[in-house]
Amino acid sequence: MKFTLSWLKEHLDTDASLAQIVDKLTMIGLEVESVEDKGKQLAPYVIAKVVEAKQHPNADRLRVCMVDTGDGKPIQVVCGAPNARTGMTGVFVPPGAFIPGKNMTLQIGTIRGVESRGMLVSEFELQISDDHEGIIDLPVDAPVGQPFAKYAGLDDPVLDINLT
């Protein structure tokens with residue numbers, strides 16, 4: 001049986017942490033098979049605005065994007081998504097973050113001679129859908145700099161318990 005932490009807290013009067021709740025469920029004889037915490041996994045992912053997207057000088061299918069992550073310092077990202085464009089709002093991943101859909105930790109890299117200091121991601125790369133045709137295209141009013149998991153409602157841990 002799967003349920004979210006927020007649902008459980010609607011029915012229990014508790015301020016206990018997720019770890020404390022998992023321990024207590026185990027103590028009363030319920031086998032907690034897994035806890036999926038996308039909010040924790042996606043913590044480094046933020047909403048960002050592409051302030052400029054121009055053609056990569058050495059590749060036809062790549063764009064060099066300057067991305068505002070909310071701190072006022074644009075970050076250069078090389079992007080191969082067909083929908084990358086100036087003015088769009090998407091999801092930015094900084095170097096050092098794990099990308100579940102690619103099973104890799106992102107590093108600063110040089111792509112065809114141009115440095116890339118992060119990544120704009122698709123839903124497939126976040127493992128929230130099978131859509132990999134382009135990067136996530138959020139509404140213009142999405143709050144730049146805010147955690148994507150919270151904005152998308154993915155910050156509620158899901159507990160899976162075995163009922164016998």
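Let's start at strand 6, residues 89-93, where five of the five residues are buried, leaving the strand mostly covered. Keep in mind as you look around that this is a predicted model.

Strand 6 has company. Strand 3, which spans residues 46-55, runs antiparallel to strand 6 and is joined to it by four bridges. To find this pairing on your screen, look for I47, which stands opposite V91 of strand 6. Strand 6 also pairs with strand 11, a strand made of residues 119-120, again in the antiparallel sense and over two bridges. Here V93 has M119 of strand 11 as its bridge partner. As general background, strands of a sheet pair through backbone hydrogen bonds, and they can do so either parallel or antiparallel.

Now move to another part of the model, an open sheet of three strands. Their order is 1-12-2, and the pairing is antiparallel. Strand 1 (2-4) and strand 2 (31-36) are the edge strands; each has a single partner strand, so one side of each is left without a neighbour in the sheet. On average, neighbouring strands of this sheet are turned by 25 degrees against each other, direction ignored. Strand 2 pairs with strand 12 (residues 158-162) through five bridges, and within this pair E36 stands opposite V158 of strand 12. Helix 2, covering residues 18-27, packs on the sheet and touches strand 1, strand 2 and strand 12. The direction of helix 2 makes about 160 degrees with that of strand 2.

Just before helix 2 there is a residue that deserves a stop. T14 sits in the loop between helix 1 (5-11) and helix 2. Is T14 buried, exposed or partly exposed? Its relative accessible area is 25%, and buried would require a value under 20% while exposed would require one over 50%, so T14 counts as partly exposed. Setting aside neighbours within four places in sequence, T14 is in contact with K9 and I21. The side chain of T14 also reaches the backbone nitrogen of A16, at 2.9 Å.

Our last stop is the largest pocket, which holds about 370 Å³ of space. Its lining consists of 23 residues, and those nearest the centre of the pocket are G80, K102, M119, L120 and E125. You have already met M119 as the bridge partner of V93. Which elements supply at least two residues each to the lining of the largest pocket? They are strand 5 (75-79), strand 9 (109-111), strand 11 and helix 4 (123-126). Strand 5 gives the largest share of this lining, with three residues.

Notes: Residues numbered from 1 in each chain as written. Predicted model: local features only at pLDDT ≥ 70, side-chain atom pairs only at ≥ 80, totals over all residues. Heavy atoms only, no water. Buried < 20%, exposed > 50% of the residue type's maximum accessible area, 1.4 Å probe, protein only. Pairing = 2+ DSSP bridges. Axes fitted to C-alpha atoms, helices over the stretch in contact; angles between N-to-C directions. Contact = heavy atoms within 4.5 Å. Polar contact = N/O pair within 3.5 Å; in protein donor to acceptor, adjacent residues only side chain to side chain. 1 Å grid on protein atoms, 1.4 Å probe; cavity = no way out; pocket = protein on both sides within 12 Å on 5 of 7 lines; lining within 4 Å. Points joined across faces, edges and corners; volume = space filled by probe spheres on them.
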